[in-house]
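Here is a walk through one protein chain, from its ring pairs to its pockets and cores. Keep the structure open as you read.

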Amino acid sequence: MKMILASQSPRRRELLERMGISQFEVIPAEGEEIIEPALTPAELVETLSRRKCAEVAAAHPEALIIAADTVVSIDGRILGKPQNKTEAADMLAALSGREHVVYSGLTVFCGGETVTEHDASAVRFRPLTGAEIERYIATGEPMDKAGAYGIQGYGSVLVEGISGDFYNVMGLPVCRLARLLARFGVDTLALAAEKEQTR
């Protein structure tokens with residue numbers, strides 16, 4: 001079965017490979033990600049992941065397609081990817097010394113059926129100084145990440161604790177994805193075992 005990841009995120013690609021899935025194409029959805037303030041964070045990420053999936057499925061209806069979208073939420077404010085360094089600094093200052101929630105929407109399409117779910121993880125930042133925020137932004141890492149940080153990279157030194165799926169904070173809740181794929185007959189552990197035996 002042809003499998004497509006509808007995302008250009010190198011982190012999502014890496015996580016699929018960690019799950020044992022090595023045979024897949026990357027075909028990013030090109031539609032604009034529009035944050036709709038009337039939606040809750042959970043509704044928003046589900047909506048955006050469905051749109052991405054539908055766009056790619058329209059061109060590849062024979063494939064199994066995986067799409068995801070991630071946002072950060074704090075005080076009812078939704079944080080996507082920062083547009084510039086000033087916005088990144090504002091986001092990091094808002095997260096400093098506080099807990100926020102990371103939401104990822106996940107949509108899988110196969111054989112004409114579409115399933116959408118979401119996951120949520122609470123993340124607590126240590127207090128940050130203005131100088132620390134500037135130095136972190138100088139690494140370049142915040143600029144393509146929801147909430148302006150990457151927990152798997154340099155941003156790991158900002159995080160005091162997490163409750164929920166760590167990989168959800170990276171942008172792909174792998175435990176939930178494995179369960180969704182199983183509904184379509186894809187056993188990720190069997191794929192991982194086969195991958196290791198052929199090395």
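This predicted model contains two aromatic pairs. Phe125 and Tyr149 make an edge-to-face pair. Their ring centres lie 4.8 Å apart, and 70 degrees separate the planes. That angle counts as edge-to-face because it is over 60 degrees. The pair links distant parts of the chain. Phe125 sits in strand β6 (residues 113-125), while Tyr149 sits in the loop between α4 (130-138) and β7 (159-163). In sequence they are 24 residues apart.

Is this pair buried or exposed? Phe125 has 1% relative accessibility, so Phe125 counts as buried. Tyr149 is buried as well, with a relative accessible area of 4%. Both values fall under the 20% cut-off.

The other pair joins Phe166 and Tyr167. Here the centres are 5.5 Å apart and the planes stand at 85 degrees, so this pair is edge-to-face too. The surroundings read differently on accessibility. Phe166 is partly exposed at 32% relative accessible area. Tyr167 is partly exposed at 29%.

Return to Tyr149 and look at the nonpolar core. The largest core has 43 residues. Which residues have the most contacts inside it? They are Ile66 and Tyr149. Strand β3 gives the most to this core, with five residues. Now list the partners of Tyr149, leaving aside neighbours within four places in sequence. Among them are Val72, Leu92, Leu95, His100 and Val102. Val123, Tyr136, Pro142, Val159 and Val169 are also in contact with Tyr149. So is Phe125, the ring partner described above. A second, separate core has ten residues, including Ile4, Ala29, Ala63 and Ile65. As a general background, nonpolar side chains in soluble globular proteins tend to be buried together.

Next, the backbone. Most residues other than glycine have a negative phi. Ala148 has a positive phi, near 70 degrees. Ala148 lies in the loop between α4 and β7, the loop that also holds Tyr149. Ala148 is buried, with a relative accessible area of 0%. Asp75 is another residue with a positive phi, about 55 degrees, although it is not a glycine. Asp75 is found in the loop between β3 (64-74) and β4 (77-79). Is Asp75 buried or exposed? Asp75 is exposed, at 62% relative accessible area.

Now turn to the pockets. The largest pocket holds about 690 Å³ of space. It is lined by 32 residues. Which of them are closest to its centre? Those are Arg12, Glu33, Lys52, Asp69 and Lys81. The lining divides into 14 nonpolar, ten polar and eight charged residues. At least two lining residues come from each of α1 (10-18), α2 (41-59), β3 and α5 (166-170). Strand β3 gives the most, with four residues. So β3 is the top contributor both to this lining and to the largest core.

The second largest pocket has a volume of about 230 Å³. Its lining includes Met1, Met3, Gly20, Ile21, Ser22 and Gln23. Val186, Leu191, Glu194, Lys195 and Thr198 line it too. Helix α7 (residues 188-197) provides the largest share, three residues. By type, the lining divides into five nonpolar, four polar and two charged residues.

Technical notes
Residues numbered from 1 in each chain as written. Predicted model: local features only at pLDDT ≥ 70, side-chain atom pairs only at ≥ 80, totals over all residues. Heavy atoms only, no water. Phe/Tyr/Trp six-rings, centres within 6.5 Å; stacked < 30°, edge-to-face > 60°. Buried < 20%, exposed > 50% of the residue type's maximum accessible area, 1.4 Å probe, protein only. 1 Å grid on protein atoms, 1.4 Å probe; cavity = no way out; pocket = protein on both sides within 12 Å on 5 of 7 lines; lining within 4 Å. Points joined across faces, edges and corners; volume = space filled by probe spheres on them. Nonpolar A, V, L, I, M, F, W, Y, C, P; charged D, E, K, R; others polar. Core = buried A, V, L, I, M, F, W, Y, C linked by side-chain atoms within 4.5 Å. Contact = heavy atoms within 4.5 Å.
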